[in-house]
Amino acid sequence: MDIEKTLAALTLPEKAALVSGKHNWYTATIDRLGLPVLMMTDGPSGLRKQDSTAGANDLNNSVRAITYPAAALSASTWNQPLMQKLGEHLGAEARAEQVSLLLGPGVNLKRSPLGGRNFEYLSEDPLVAGKLGSAYVQGVQSQHVGVSVKHFAANNRENQRFTASSDMSQRTLRELYLRTFEIIVKAAHPATLMTSYNRINGTLNSQNHRLLRSILRDEWGFHGAVMSDWGAVANHAAALRAGLDLEMPGKGQASIDEVIRAVETGELDEGTLDKSVRHLLHLLRDWQAAPEAGSYDHHEHHEFARKMADDGIVLLQNKNNELPLKPAKAGKVVIIGELAANPRYQGAGSSHVNPSELTTPLEALKDSGLTADYYPGYHLNEDETNDDLAQEALNAAEKADHVIVFAGYPASAESEGFDKSSLMLPENQTDLIGRLGKLNDHTTVVLQNGSAVEMPWIHTVAAVVETYLAGEAVGEATWDIITGRVNPSGHLTETFPARLTDTPMAPTFGQDPHHEYYSEGIFMGYRYYDTHEMHVLFPFGHGLSYTTFEYTNLNVNADAHGATVTFDVTNTGDLAGQAVPQLYVANHASHAPMPTKELRAFTKVAVAPGETVPVTLKLNRRDFSWWCERNHRWQADTGDYEIMIGASSRDMRLQTKLTMDFENSPAPITPETYLTTIVRDPELLATFKETVIKPLADGDQSGNPFVATDANGEASALQDRMFLNMPLRAVVALGTPYDLIHRFIHEANHAR
């Protein structure tokens, strides 16, 4: 397709049609010019291509597809190559179904554990979400299927999501909530981005010129198309002016008429409309669907879903090596909980998938090697305890060698479209787990949930296995971990706070229907808990293994462009396993408020028993930078930093200090420059002595504070902390002639 020739041939009504979606899932087709239609479908954790007979709002009626783990669990793999393979599998499935655009991944940060969409987002940290999201995008697009990275940006609450404004400082926006998207745009070049419903600092994102043009296109160099979330456009003309390209799902002829009328009345310049049309023509040219429907091996893809779950399930607690349960030594095992028979394996809403091969934990038990009796224990869709079910379970647990209780939320409690109001499991489950733990010391809790939960029973149970929403292979994967067929290697990408009230946004989250105030700023997630040294249930990055790892031989080579960090990881246990080394940087150089440490690199390495694997992680200048609002840029400050290697944000194994010299142009000397800055710089100090102190000493300035000297002949004022904490203009106020200070400023800046 000749883009410019095609653009010139389009009529105004045809252009208006192209920027308006059709029939819920399609772009418009212009038969006269042979422009193809593109189909898009939901797909962050599995293909949700709605059946052709389904209504527009029938979220559950879709073609059979593989239900992969929700993003909360996929991200817990910390495994970029595996995330790319997930994308490849999803891309192959979309290609077979003649889908052009897969709507995903969801990469907003998990600001509050109450966020209704946390299950389909990757992390509370922008680096983890950015790196894993990039791998996913590259995998999908390698199969000639485009993606729509969502939701751009700061979509961190669901209540009143169509109108609420995410209000925050520019530093907070840049360092956290835009950073993930920036990483993905620059590394993976996604076909499209999807704007979120919310506002940022009062401006609707679909109409946010600064967000869509100044930052996304001008700064980051994004060349793809920008579409809206479904129903997120309030003013189509204003959205097009701001940089939106495609309104989805469109309002039929009404959307076309809006655009035509806006151009004819001068509300929208046709040249601006052409920019959006040009982006869509590129989309139509580059991401056409497969000419014929294809097929894929559903069982092979199911087995990959199992591998994803195996790699992501997190062993949170394992007292006295309760797990793994070896079938030959397990003794009498009792399984309790309705979720064993009717598992929560996926989220609700737009990520709902019609599974291809669902296997429940109870069904998969027969292939695990374990034998066990099963008791429901509770009704999943009820909150109150059923005394008969609970007592039956307790009686069985009392006589068991091991108890495995499945717990989690009903599907109605976690979905897009609304936020949670509590982190507690239903009361009947919470009560039952507490009683089981006190009754039997060998109680394991298997969680099925979309995000962090409170665990008032944590000290009474032996082990906790976090499966999140594990996809259609939930049954096989759960027993893979419990029996030790797979050594767990998942690590949390979010903090589990001890209590909801410990979260920094607890007093304000969702309180104002019109505004969400990000008053915690950059101190969100582990950045908040670690800086305030708060007790948490499980820290960011936490995950246990059935083996042990030792970290040694840390070495750092740094220059003005960044640093190369090397160290060794040794498996000191008896089982093969995977370690997740995490590199954190502590900034002691900058005067701006800083978290105690921030994740700046990570990897995942497989290590055999007794084996030592060398690891190299690289840091660039940006990894030492912060967003300076005054200068509207990223700033890396020369000074002291600390490099820390850990297995979580609270489990540091190696650390070292280093001084970075970024060869920045020095700040100019002004009347606002403090004497302490001058004293710390030998060249400035020498100039100050020559241009200020020497003339004062030679003249009749006996009362000036710089004339008095100590035993070494040095100006006493330069040893006095009170004087050093003064700017040059205050020195003038104390009697130093202005012309001497002016001469010093001139000489100092000339020398710099």
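Here is a question-and-answer walk through a predicted model, from its sheets to its empty spaces.

Visitor: Let's start with the five strands that form an open sheet: in what order do they come?
Guide: The pairing in this sheet is parallel. Its edge strands, each pairing on one side only, are β1 (40-42) and β9 (225-228). Put together, the order reads β1-β3-β4-β6-β9.

Visitor: By how many degrees are neighbouring strands of that sheet turned against each other on average?
Guide: Take the five-strand sheet with the order β1-β3-β4-β6-β9. Ignoring direction, the average turn between its neighbouring strands is 30°.

Visitor: Which residue of β9 is the bridge partner of threonine 192?
Guide: Look at strand β6, residues 192-195, which runs parallel to β9 and is joined to it by four bridges. Threonine 192 has its bridge partner in β9, and that partner is alanine 225.

Visitor: Which helix packs on this sheet, touching β4 and β6?
Guide: Start from β4, which spans 146-152. The helix direction makes about 160° with that of β4. The helix in question is α7.

Visitor: Is the peptide bond from lysine 150 to histidine 151 cis or trans?
Guide: Histidine 151 has its place in strand β4. Omega for the bond from lysine 150 to histidine 151 is near 0°, and the bond is cis.

Visitor: And where is proline 249 found?
Guide: Here's another peptide bond to check: the one from methionine 248 to proline 249 is cis, with omega near 0°. As for its place, proline 249 is in the loop between α9 (236-242) and α10 (253-264).

Visitor: What is the phi of alanine 154?
Guide: Alanine 154 sits in the loop between β4 and β5 (165-167). This residue is not a glycine, yet its phi is positive, at about 55°.

Visitor: There's also an open sheet of four strands; which are its edge strands?
Guide: The order is β8-β7-β5-β18, with mixed pairing. Reading from the ends, the strands that pair on one side only are β8 (203-204) and β18 (515-517).

Visitor: Which residue in β7 does serine 165 stand opposite?
Guide: β5 pairs with strand β7 (residues 199-200) in the parallel sense, over two bridges. Across from serine 165, in β7, is arginine 199.

Visitor: Moving along the chain, what percentage of residues 579-649 is strand?
Guide: UniProt, in an unreviewed entry, lists residues 579-649 as "domain: Fibronectin type III-like". In the model, the end C-alpha atoms of this stretch are 14 Å apart. Helix makes up 0% of residues 579-649, and strand makes up 59%.

Visitor: In the hairpin of β27 and β28, which residue takes a positive phi?
Guide: β27 and β28 run antiparallel and are joined by four bridges. One of the pairs puts tryptophan 626 with its bridge partner in β28, glutamine 635. Four residues lie between the strands of the hairpin, and the residue with a positive phi, near 55°, is histidine 632.

Visitor: Which element gives the most to the lining of the largest pocket?
Guide: About 1,400 Å³ of space lies in that pocket. Elements that each supply at least two lining residues are β27 (625-628), β28 (633-636), α18 (675-680), α19 (682-698) and α22 (738-751). With four residues, the top contributor is β28.

Visitor: How many of the residues lining the largest pocket are nonpolar?
Guide: The lining holds 36 residues, and those nearest the pocket centre are His591, Pro666, Ala667, Thr677 and Arg752. By class, eleven are polar and eleven are charged, while the nonpolar count is 14.

Visitor: What about enclosed space: how much of it lies in the largest cavity?
Guide: With a cut-off of 30 Å³ or more, the count comes to seven cavities. In the largest cavity, the space is about 180 Å³.

Visitor: Which element provides the largest share of the lining of that largest cavity?
Guide: Two or more lining residues come from each of α5 (126-141), α6 (170-177), α7 (179-188) and β24 (598-602). The largest share is three residues, and the element giving it is β24.

Visitor: How many charged residues line the largest cavity?
Guide: There are 15 lining residues, with Glu175, Arg179, Arg600, Arg622 and Asp623 nearest the centre. Six of the lining residues are nonpolar and one is polar, and the charged ones number eight.

Notes: Residues numbered from 1 in each chain as written. Predicted model: local features only at pLDDT ≥ 70, side-chain atom pairs only at ≥ 80, totals over all residues. Heavy atoms only, no water. UniProt positions renumbered as here; feature names shortened; annotations may be inferred. 1 Å grid on protein atoms, 1.4 Å probe; cavity = no way out; pocket = protein on both sides within 12 Å on 5 of 7 lines; lining within 4 Å. Points joined across faces, edges and corners; volume = space filled by probe spheres on them. Nonpolar A, V, L, I, M, F, W, Y, C, P; charged D, E, K, R; others polar. Pairing = 2+ DSSP bridges. Axes fitted to C-alpha atoms, helices over the stretch in contact; angles between N-to-C directions. Contact = heavy atoms within 4.5 Å.
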